Each structure stands twice: as C-alpha cells, then as structure tokens.
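This report describes how the strands of one sheet are arranged and what is packed around them. Please look at the sequence and the structure first.

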Amino acid sequence: MKKLEIKGLTEKELSLIPKSFDVVGDMLIFSDFPPELEKKEKIIGEAFLNFHKNVKVVLKKIRQYSGEFRTPKLKIIAGERRKETIHTEHGCRLKLNPEKAYFSSRLSTERKRIYQQVKKGESVLVMFSGVAPYPVVIAKNSKPKEVYGIEINPLAHKYAEENIKLNKLSNVKLFCGDVRKVLPKINKKFDRIIMPLPKGAEHFLGLAFGKIKKNGIIHFYDFLEEKDIPKSSVEKIKRSCKASKKKCRILRTVKCGQYSPYKFRVCVDFKVI
C-alpha cells in the first residue's frame, strides 16, 4: 500500500496528523486539525492532494457544527479555492457546499439501508431534508409513489431543488420552511417518515405521529452515549406515543455513526400500529 510522505515535518508533527477525515465529492475535510500543525497545514494539505488523486480541495473545520442550521466553518488549506462540490453516492449526484448546508457523507450506508426498505408505491416524507440526499437516493433507487422533503435552511433547499433536476426526478416535492408550520398544511398522510435531524428530533415526534398512516414506519435519529443505547431513544418514542395516543412497535435500533469516542448516532425504526 502506498504510504503518505510529507517532507519538512518532525516525527512528533507527523504523529499528530489526523488519521480520520471526510471526503465529500472532490473535497477532503479534516474535522479535528491540531492547532500545533497550523504553520504546516499548507504542506500537509498539498501532501494529501498529491496522495489522493480524486481530491481537488483540502479543508479543515475551524468551527464545529453550530447555529440554527447546524453548519461548520471551513478553511481551505490546499487546492482549488472553492467550497462547492458534487458528491456521488448510490448512483446519485448531490451538489452542495458543506459550509452552507448540513451534510454527512458518513451517512451514505445508512441512506442505503433506508432506501432498501422503501416499498413500491409508498408515500415517503423526509423531515429536515437538507440538500435532499434522502429524497434523491430513495426516488432514484426505490419505486416510491412520491417523496416529500421539508427543509428550513433556504440555501440547503436551493441545492435540494438543483439536485432534483440534476438527477432528473419527477416524483419529489420539496418545501422550504419550518416543519412545524409547513407540515400541518400538507393535506396527506405517509407510509414512511424519516427524521434525520442532527439533534433534537424528539421534539418533532408528535408532528410525525399526526402524519403517519396506520402501520406506517418512522425512522427516528438520535445521539446517545453507548450505555444509553437503545433505552434512552425508546423512552423518548414511548413518551411521545403516549402523548399522541398512538401505539408503537419498535422494530430495530441501528448504530449509524460515531459522533465522539463514546457517543453514537443511532436510528430507531418503529411501526405505528
């Protein structure tokens, strides 16, 4: 296996180079770039460009996910001077700027897990649909009757609309606005509801219960300490079920990403009966 070589760095500096990073389209993004390497970031960035031939831009996060739209602040350390790219997954193309709209390439496997469950003719709702990765991969790879997406971030919504055109999809309907205001105005119920909010999706479960068909499935995402999986998420669902006078059956809990050493993103699939 070819080894990454960087000249001009001490052994200690070499040992500090992050082992993990995200690749979004043709951009490589470091989440935790050590401050001790700040003066050598350009050399390191250039080395990664040379090593990963498919990468054209190397960036580092200088602020983690924050604000209303859960977006990071990114700094270009090498390569082309742009932050927009086209990410490819599951035969779909997604145009985005990860600084302007929340997007995780690490959820690609999870998106596949979901689209493989969607049955022919289903009506699917994606709450918090972002640049439309879930609506696009579902519409492209399954045979739903329709996929609805609701997103509050206007820039993410703009990219989502472009992505529908980019993938030549005709059965996706997108809405821009607060899901609490938009969803009550949509006069229909869904066979499947996906809730991939980065944090706090439990506050919207009541809203989802009002729009799910009998025997419909909800995919609820949460962040949990390992010791709390799945108990804490299941308790949130059961509390909301009770408040909405619904009955639920938990189908499965899946770990779909590690957020920090002991914290995981999980998805609970459950049926409303």
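## Strands in the middle of the sheet

In this predicted model, Arg192 has Ile217 of strand 11 as its bridge partner. The pair belongs to a longer contact: strand 10 (residues 190-195) and strand 11 run parallel and are joined by five bridges.

Strand 11, which covers residues 212-225, also pairs with strand 13, this time in the antiparallel sense and over ten bridges. Here Gly216 has Val272 of strand 13 as its bridge partner.

## The whole sheet

In what order do the strands of the open sheet stand? The order is 9-8-7-10-11-13-12, seven strands with mixed pairing. Strand 9 and strand 12 are at the edges and have a single partner strand each, so one side of each lacks a neighbour in the sheet. From one strand to the next, the twist averages 15°.

## The end with strands 12 and 13

Strand 12 (residues 248-260) runs antiparallel to strand 13, and nine bridges join the two. One bridge partner in strand 13 is Val266, which is matched with Lys255. Two residues lie between strand 12 and strand 13, and the two strands form a hairpin.

Is strand 13 largely enclosed or largely open? Of its ten residues (263-272), eight are buried, so the rest of the structure largely encloses strand 13.

## The end with strands 8 and 9

Strand 8 (residues 146-151) and strand 9 (residues 172-176) are parallel, with five bridges between them. Ile150 stands opposite Phe175 of strand 9.

Together with helix 5 (residues 154-166), strand 8 and strand 9 make a right-handed β-α-β unit. Helix 5 lies across both strands and runs at about 165° to strand 9.

## Nonpolar cores

In soluble globular proteins, nonpolar side chains tend to be buried together. The largest nonpolar core in this model contains 37 residues, and Ile138 and Ile194 have the most contacts inside it. Helix 4 (residues 133-141) gives this core its largest share, five residues. Domain 1 (11-83) and domain 2 (102-272) each supply at least three residues to this core.

Which residues does Ile194 contact, leaving aside its neighbours within four places in sequence? Among them are Ile114, Val124, Leu125, Tyr134, Ile138 and Tyr221. A second, separate core has 26 residues, including Met195, Phe220, Phe270 and Val272. Val272 is thus named twice in this report: in this second core and as the bridge partner of Gly216.

How values were computed:
Residues are numbered from 1 along each chain as its sequence is written. This is a predicted model: local features need pLDDT of at least 70, side-chain atom pairs count only at pLDDT 80 or more; totals for chains, interfaces and linings use all residues. Side-chain values use heavy atoms; hydrogens and water are left out. A nonpolar core is a set of buried Ala, Val, Leu, Ile, Met, Phe, Trp, Tyr and Cys residues joined through side-chain atoms within 4.5 Å. Buried means under 20% relative accessible area, exposed over 50%, partly exposed in between (1.4 Å probe, protein chains only). Helices (H or I, at least four residues) and strands (E, at least two) are DSSP runs, numbered from the N terminus. Domain bounds come from an automatic or database domain assignment. Contact means heavy atoms within 4.5 Å. Two strands pair if DSSP finds at least two bridges between them. A crossover is right-handed if, with the strands pointing away from the viewer, the path from the first strand over the helix to the second runs clockwise. Axes are lines fitted to C-alpha atoms, for helices over the stretch in contact, and angles run from 0 to 180 degrees between N-to-C directions.
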